[in-house]
Amino acid sequence: MTFETVPESTLDQMREINAQLSAAELPDPSTAEGLAVLRGTTFRVPAPTELTPVDRVVSGPAGEVTVRIIRPDGPLNGVVFHVHGGGFVLGAPADDDAVNDLLARTAGVAVVSARYRLAPEHPFPAGLDDCLAAAVWLAGAVEEEFGTGRIVVSGYSAGGHLAVQTLLRLRDEYPELLARVVGASLVFGVYDLARTPSSRAAAPDTPVLPPRWIDQFVGMAFPGLDGEQLRDGGVSPLYAGLHGMPPALFTVGDRDPLLDDSLFMAARWRAAGGASELAVWPESPHGFVGMTPPTGLPAQRRINAWVKALLARTPLGNTPRLRLGPWAG
């Protein structure tokens, strides 16, 4: 585990930002009006981009799914398969254009983001099914489309949950595909939907992600499940068997109510035989990497450097060819 070091002046700025976030009035996503307000809010980072995203409809085992592709010029070191956040009820791949644009240019990768169905209209596992379909398409097309067989899986917040669940389903249903995944970057993910201690200790004024939102998002995405059912490994990946997982970097802020999700998951990942790193950023709330606080860009650079270094030490050859259905090409 690494507790990232930042200047005291940065910590003072973060404390001021956290105070402002704590005082913000938040809509109620469990109401139609509140959900509409949140879905109408722009969550994109106001940062410059250089690359042009392309949306594309691809075929999957359960039907068509849309992916968003950001690709730099020239040969690629690999492809990042990215899953956006939003509490399972909000968000779109375009929300992460700025961070994915920087990742693509910094690490020399294409970023392929999955557009998945959202709750409450489409409760779990609809979104996971879409992520799996997009991942399987990517594995079948990655060499022809991108000239590389190396894939890194990425996920933010609820996208971290969906990214891990996608990896687990790949392991169990498409082991040849999982062999192409060389790593996972998992950023302030939620891995225990029954709530870890840090989540249960969150106060109403917790920045960005108050406890009522956590309960509401879970209730909308996983309706009718009680605490014990939420602890099933097929629902909460913290309780799943994690053998066979690729190397992972977990990134989280110490002001995030989901702090323990990353602490516990990184430990279980390693205990199951996978390599894991854990970067904890001081005075940083949930969502800080995709926001504009002073720790956001350093965290992005840390993630991007990790992805670039991982791909640099992963051999190009001996990537297994997949034998999937006709929809995979």
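**Entry 1: lining of the largest cavity**

I started with the chemistry of the largest cavity in this predicted model. Its lining holds seven nonpolar and six polar residues, and no charged ones. The volume comes to about 100 Å³. I then asked which residues lie closest to the centre of this cavity. Of the 13 lining residues, Leu 103, Ser 154, Tyr 156, Ile 303 and Asn 304 are the closest.

Next I looked up where the lining comes from. S4, helix H3 (97-107), S6, S7 and helix H11 (296-312) each give two or more residues to it. H11 has the largest share, with four residues.

**Entry 2: strand S6**

Two of the central lining residues, Ser 154 and Tyr 156, sent me to S6, so to speak, for a closer look. Is strand S6 buried or exposed? I found six of its six residues (151-156) buried, so the strand is largely enclosed by the rest of the structure. For this I kept in mind that buried means under 20% relative accessible area.

I also checked which way the residues point. Ile 151, Val 153 and Gly 155 point one way from S6, while Val 152, Ser 154 and Tyr 156 point the other way. Both sets are buried. Ser 154 and Tyr 156, which I had noted at the cavity, thus belong to one set, together with Val 152.

**Entry 3: the neighbours of S6**

Which strands are joined to S6 by bridges? Strand S4 (residues 78-83) is one of them, with five bridges, and the two run parallel. In this pairing, I see His 82 opposite Ser 154 of S6. Strand S7 (residues 181-187) is another, joined to S6 by six bridges and also parallel to it. Here Ile 151 has Val 181 of S7 as its bridge partner. I was pleased to meet S4 and S7 again, since I had listed both, along with S6, among the elements lining the largest cavity.

**Entry 4: the second largest cavity**

How many cavities of 30 Å³ or more are there? The count is three, and I went on to the second largest. Its volume is about 70 Å³. I counted 14 lining residues, with Phe 88, Arg 117, His 122, Phe 124 and Gly 127 nearest the centre. Helix H4 (residues 126-146) supplies the largest share of this lining, three residues.

By class, I have 11 nonpolar residues here, two polar and one charged. For the largest cavity I had written down no charged residues.

Technical notes. Residues are numbered from 1 along each chain as its sequence is written. This is a predicted model: local features need pLDDT of at least 70, side-chain atom pairs count only at pLDDT 80 or more; totals for chains, interfaces and linings use all residues. Side-chain values use heavy atoms; hydrogens and water are left out. Buried means under 20% relative accessible area, exposed over 50%, partly exposed in between (1.4 Å probe, protein chains only). Two strands pair if DSSP finds at least two bridges between them. On a 1 Å grid over the protein atoms alone, a cavity is a set of points where a 1.4 Å probe fits but cannot get out, and a pocket is an open set with protein on both sides within 12 Å along at least five of seven lines; lining residues have an atom within 4 Å of a point. Grid points are joined across faces, edges and corners, and a volume is the space filled by probe spheres set on the points. Ala, Val, Leu, Ile, Met, Phe, Trp, Tyr, Cys and Pro count as nonpolar, Asp, Glu, Lys and Arg as charged, and the others, Gly among them, as polar.
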